Amino acid sequence: MPDNSTVTELRSITAADPVGVRVSFREVLAHFCSGVVIVTSSNGSDAPVGMTVGSFTSISLEPPLVGFFAGRTSTTLPHISARGHFCVNVLAEQQRYLARTFANSGADKFAGVEWTAGHHGSPRLSGAHTWIDCTVSAQQSIGDHDLVVGHVDALAVPGDSGPLVFHRSIFRRLEDAS
């Protein structure tokens, strides 16, 4: 039997309390650990563009599909949609500075960043934990974001780094639990 002095009573927030849900939504979801990726592409003049994304997932093995969500206010999303190709750069544990840089809008995100052109020309960031080159196969507006689904055209694990993860608004690295 648990010691009641250490048990904290949790208040459940339901749809009957929409203000409570809006206020607590971000905080509750921060308790879910996610990988950190930078999705890259190029604009109409072939200049590189990119954004940090925390909502990336695998969708299907056959055919191989991945997806991510981007806010509709993103300045990178229109370039990905127009180009029809993107690269998912899964960040390595030492690349938190890139996650912060690519999360900001307006700055020259690629200043001083080493990269090579991927399968369709989208930037593959040097030192990334993994990268996945994709062709956009679907895009749909959902809430205040767009879901972008990509067909996987090429992928690799270029090194032996650990991944960067995001949990409770802090970038972290994985450690063995053994």
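Visitor: Is S41 buried or exposed?

Guide: In this predicted model, S41 is buried, because its relative accessible area is 0% and the cut-off for burial is under 20%. The residue belongs to strand β2, residues 37-42.

Visitor: Which residues does S41 touch, beyond those up to four places away in sequence?

Guide: Among them are A47, P48, V49, H79, I80 and F86. H85 is also on that list, and the side chain of S41 reaches the backbone oxygen of H85 at 2.8 Å.

Visitor: How should one read the sheet, and what is the order of its strands?

Guide: As a general idea, strands of a sheet pair through backbone hydrogen bonds, in either a parallel or an antiparallel sense. Here the sheet is open, with seven strands in the order β3-β2-β6-β9-β10-β5-β4 and antiparallel pairing. β3 (48-53) and β4 (56-60) each have a single partner strand, so one side of each is left without a neighbour in the sheet. On average, neighbouring strands are turned by 35 degrees against each other, direction ignored. Helix α3 (residues 96-103) packs on the sheet, where it touches β2 and β3; its direction makes about 110 degrees with that of β3.

Visitor: How many bridges link β9 and β10?

Guide: Eleven bridges link strand β9 (residues 130-142) with β10, and W131 has A156 as its bridge partner in β10. The two strands form a hairpin with two residues between them; in the turn, G143 has a positive phi of about 60 degrees.

Visitor: Which residue stands opposite V90 in β9?

Guide: T130 stands opposite V90. Strand β6 (residues 85-90) is joined to β9 by six bridges, and the two run antiparallel. Strand β5 (residues 65-71) is joined to β10 (residues 145-156) by seven bridges, also antiparallel, with G71 opposite H145.

Key: Residues numbered from 1 in each chain as written. Predicted model: local features only at pLDDT ≥ 70, side-chain atom pairs only at ≥ 80, totals over all residues. Heavy atoms only, no water. Pairing = 2+ DSSP bridges. Helix = DSSP H or I, 4+ residues; strand = E, 2+ residues; numbered from the N terminus. Buried < 20%, exposed > 50% of the residue type's maximum accessible area, 1.4 Å probe, protein only. Polar contact = N/O pair within 3.5 Å; in protein donor to acceptor, adjacent residues only side chain to side chain. Contact = heavy atoms within 4.5 Å. Axes fitted to C-alpha atoms, helices over the stretch in contact; angles between N-to-C directions.
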